[in-house]
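Dear colleague,

I am passing on the structure we spoke about, together with some notes on its charged side chains. Please look through it alongside the text below.

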Amino acid sequence: MGLTEEIIAIVELCVYIPIFPLALIVVFRHGWRKQLGWIYLAIFCLVRIAGGGFKIASVKYPDNSTDLEWSAILQSVGLSPLLMATMGLLKRITDEVSETVPYTQDPYGNTPMAGFVCQSRVGNIITKRATAISRRSRIIQIAQLPTMIALILCVVGGTDESSSNISEHSTGQTYTKVGIAIFLVIYVLLFGVTAITSADLGNAPRGEKRIYFAVVVALPFIAVRLLYSVLADFTSISNFSIANPDPWVQLFMAVVEELLVVLMYTLAGLTVAA
């Protein structure tokens, strides 16, 4: 018997179920603050465990469209927690190595974002709630919002594409494409911030350097995973079909990449001091 999506789902369950408690250990060691990124490792493991369960159920009970729908939705949201985890880890590093500036004034005594937001109610909310201590950290923190928007778009898009109402398929594809496009922009941003941070890496403690190198190594794997989503949503290549992808392509362009990133981040979290 050849490789099938059901076999991939079983493998994911066998892998992510034992990784999940390790991810929880990392969360407890480093705290529950979402900006650190560790919590998203645990969330990702839960997403993949649930997605694998729904995929197996959809094969066993093909008449139940709900299982297939949830399997497709959970498959589409995998990029978001990986990007959020990467943002959290990168923010931790930039906080260590970047020059800090006050929340309310820049080095010239000016209020950040003056002239277009700070005098508004929204601007006051942003400045009061900001916890970033460097410009790069603030960029990463702000980037979390479009990442969450992209996640919502992919969930809504996946729901519409899996709907029995054919008229909703086109709208679902549009939502998903917009979400993937946002993920692509966020990835380019993370790549740029990672490259810039390398110049200040000498100021970082040894443990933080370990996290940085984990992020550097993980970025190419996330790029491949992102490429898989781009080809699946923006092309008509049958091997990348959302409904019926080639299992080998899915394995080596999505499943393996996700697993390696989670393993690297989890290992970094277990070995770096809180």
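The notes that follow concern the salt bridges and the burial of the residues that form them.

Please keep in mind that this is a predicted model. A search of the whole structure finds 8 salt bridges, and I describe some of them here.

In one of them, Lys55 pairs with Glu5, with 3.4 Å between the closest N and O atoms. Because Lys55 belongs to helix α2 (residues 38–60) and Glu5 to helix α1 (residues 5–30), this pair ties together parts that are 50 residues apart in sequence. Lys55 and Glu5 are both buried.

A salt bridge also links Lys60 to Glu6, where the closest N and O atoms are 3.6 Å apart. Here Lys60 lies in helix α2 and Glu6 in helix α1, so the parts tied together are 54 residues apart in sequence. As for burial, Lys60 is exposed, its relative accessible area being 53%, whereas Glu6, at 18% relative accessibility, counts as buried, because the cut-off for buried is under 20% relative accessible area.

Glu12 forms a salt bridge with Arg48, and the closest N and O atoms of that pair are 4.0 Å apart. Since Glu12 is part of helix α1 and Arg48 part of helix α2, the pair ties together parts that are 36 residues apart in sequence. Salt bridges with shared partners join Glu12 and Arg48 to Arg225 and Glu258 in one network. Glu12 is buried, as is Arg48.

With best regards

Note on methods: Residues are numbered from 1 along each chain as its sequence is written. This is a predicted model: local features need pLDDT of at least 70, side-chain atom pairs count only at pLDDT 80 or more; totals for chains, interfaces and linings use all residues. Side-chain values use heavy atoms; hydrogens and water are left out. A salt bridge is a side-chain nitrogen of Lys or Arg within 4 Å of a carboxyl oxygen of Asp or Glu. Helices (H or I, at least four residues) and strands (E, at least two) are DSSP runs, numbered from the N terminus. Buried means under 20% relative accessible area, exposed over 50%, partly exposed in between (1.4 Å probe, protein chains only).
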